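Reader: I've just opened this one and could use a guided tour. Can we go through it question by question?

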Amino acid sequence: MANETVIQPLPGEDSVNTGRRRFLTATTAVVGAVGVAGLAVPFIKSWNPSARALLAGAPVTVDISALQEGQRLIAEWRGQPIWIVKRSQAILEALPTLEGELRDPNSENADQQPEYVREANPALRSIRPEISVLVGLCTHLGCSPEMAAEIRPEPFDANWKGGYFCPCHKSKFDMAGRVYQGVPAPTNLVVPPHYYADENTIVVGVDPQGAA
């Protein structure tokens with residue numbers, strides 16, 4: 001019943017009954033809690049990426065400590081596959097020998113990689129020689145090429161020296177993501193902005209501090 005919560009005051013007590021006092025106290029506590037929650041919302045939102053960061057694609061942190069020679073890690077940034085590959089010494093030595101077969105061997109197309117990557121080495125297209133970071137989408141129609149990292153004859157190239165092959169339309173790229181001549185893909189694979197937070201951590205989607 002409704003009056004079960006009402007406690008009649010003893011003679012001499014304040015006219016406001018204890019039940020009402022409890023109700024007001026509880027109401028005040030609830031209002032206070034709502035106020036605190038309201039204040040907390042901006043702080044919680046501040047933990048999330050900004051609208052600009054979401055539009056650009058929030059950075060992705062990748063641990064490469066377990067990456068072995070010849071292996072590839074696949075991450076995702078802005079809905080795109082990001083390939084992180086540890087290249088062998090044999091692959092690094094083979095890359096300069098391919099320049100005559102490539103459309104843009106010196107990475108002169110500025111849209112395909114950050115300038116700091118090109119400055120580090122236009123043939124390797126990487127900050128660290130052995131670690132390649134690429135967007136794994138063919139620049140022809142956006143298919144995802146297959147990796148054939150070993151130096152050995154392949155059905156699509158008897159003199160293959162490692163790289164990526166897109167079976168959809170036969171485009172070929174070397175292990176630096178440089179496109180071969182005479183294939184549908186018009187440009188090299190894209191190198192995304194990235195930097196090394198430490199020896200074993202790559203942050204994809206952000207340029208190194210101080211980079212132009």
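Reader: Let's start with Arg125: is it buried or exposed?
Author: Keep in mind that this is a predicted model. The relative accessible area of Arg125 comes out at 1%, and the cut-off for buried is under 20%. So Arg125 is buried.

Reader: Where does Arg125 sit along the chain?
Author: Look between helix 4, residues 115-120, and strand 4, residues 131-135. Arg125 belongs to the loop between helix 4 and strand 4.

Reader: And what is the phi of Arg125?
Author: Arg125 is not a glycine, yet its phi is positive. The value is about 55°.

Reader: Arg78 has a positive phi too. Is Arg78 buried or exposed?
Author: Phi of Arg78 is near 55°, and the residue is found in the loop between strand 2 (72-77) and strand 3 (80-86). Its relative accessible area is 52%, and exposed starts over 50%. So Arg78 is exposed.

Reader: What about Arg178, buried or exposed?
Author: Arg178 is in the loop between strand 7 (171-174) and strand 8 (194-198). Its relative accessible area is 0%, and buried means under 20%. That makes Arg178 buried.

Reader: Which side chain does the side chain of Arg178 make a polar contact with?
Author: Two partners are worth a look here. One is a backbone atom: the side chain of Arg178 reaches the oxygen of Pro105 at 3.0 Å. The side-chain partner, at 2.7 Å, is Asp174.

Reader: Which residues does Arg178 touch, leaving out those up to four places away in sequence?
Author: With those sequence neighbours set aside, Arg178 touches residues including Leu95, Glu99, Leu102 and Asp104. Also on its list are Pro105, Pro122, Ala123, Lys172, Phe173 and Asn188. And here we meet our opening residue again, as Arg178 also touches Arg125.

Reader: Let's turn to charges. How many salt bridges does the whole structure have?
Author: Side chains of opposite charge can pair when their charged atoms come close. A search of the whole structure for such salt bridges gives six.

Reader: Which residue forms a salt bridge with Lys172?
Author: The N to O distance in this salt bridge is 3.0 Å. Lys172 lies in strand 7 and its partner in the loop between strand 5 (146-148) and strand 6 (163-166), so the pair ties together parts that are 15 residues apart in sequence. Lys172 counts as buried at 14% relative accessibility, and its partner also counts as buried, at 12%. That partner is Asp157.

Reader: How far apart are the closest N and O atoms of Arg152 and Glu150?
Author: Arg152 counts as partly exposed at 43% relative accessibility. Glu150 is partly exposed as well, with 49%. In their salt bridge, the closest N and O atoms are 3.3 Å apart.

Reader: Which residues are linked with Arg128 in a network of salt bridges?
Author: Begin with Arg128 and Glu130, whose side chains meet in a salt bridge at 3.1 Å, N to O. Arg128 counts as buried at 18% relative accessibility, whereas Glu130 counts as partly exposed at 23%. The residues linked with Arg128 in the network are Glu130 and Glu199.

Reader: On to the strands: which ones stand at the edges of the 1-9-8 sheet?
Author: Three strands form this open sheet in the order 1-9-8, with antiparallel pairing. The edge strands each have a single partner strand, so one side of each is left without a neighbour in the sheet. They are strand 1 (60-63) and strand 8.

Reader: What does the twist average from one strand to the next?
Author: The sheet in question has the order 1-9-8. From one strand to the next, its twist averages 30°.

Reader: Which residue in strand 9 stands opposite Tyr195?
Author: Strand 8 and strand 9 (residues 201-204) pair in the antiparallel sense over four bridges. Opposite Tyr195, in strand 9, stands Val203.

Reader: Last one: how many residues are in the largest nonpolar core?
Author: Strand 3, helix 3 (89-94), helix 4 and strand 6 each give two or more residues to this core. Among the residues with the most contacts inside it are Leu95, Tyr164, Phe173 and Leu189. Another core, of 13 residues, lies apart from it and includes Leu67 and Trp77. The largest core has 26 residues.

Notes
Residues are numbered from 1 along each chain as its sequence is written. This is a predicted model: local features need pLDDT of at least 70, side-chain atom pairs count only at pLDDT 80 or more; totals for chains, interfaces and linings use all residues. Side-chain values use heavy atoms; hydrogens and water are left out. Buried means under 20% relative accessible area, exposed over 50%, partly exposed in between (1.4 Å probe, protein chains only). A polar contact is a pair of N or O atoms within 3.5 Å; within protein, one must be able to donate a hydrogen and the other to accept it, and residues adjacent in sequence count only if both atoms are side-chain atoms. Contact means heavy atoms within 4.5 Å. A salt bridge is a side-chain nitrogen of Lys or Arg within 4 Å of a carboxyl oxygen of Asp or Glu. Two strands pair if DSSP finds at least two bridges between them. Axes are lines fitted to C-alpha atoms, for helices over the stretch in contact, and angles run from 0 to 180 degrees between N-to-C directions. A nonpolar core is a set of buried Ala, Val, Leu, Ile, Met, Phe, Trp, Tyr and Cys residues joined through side-chain atoms within 4.5 Å.
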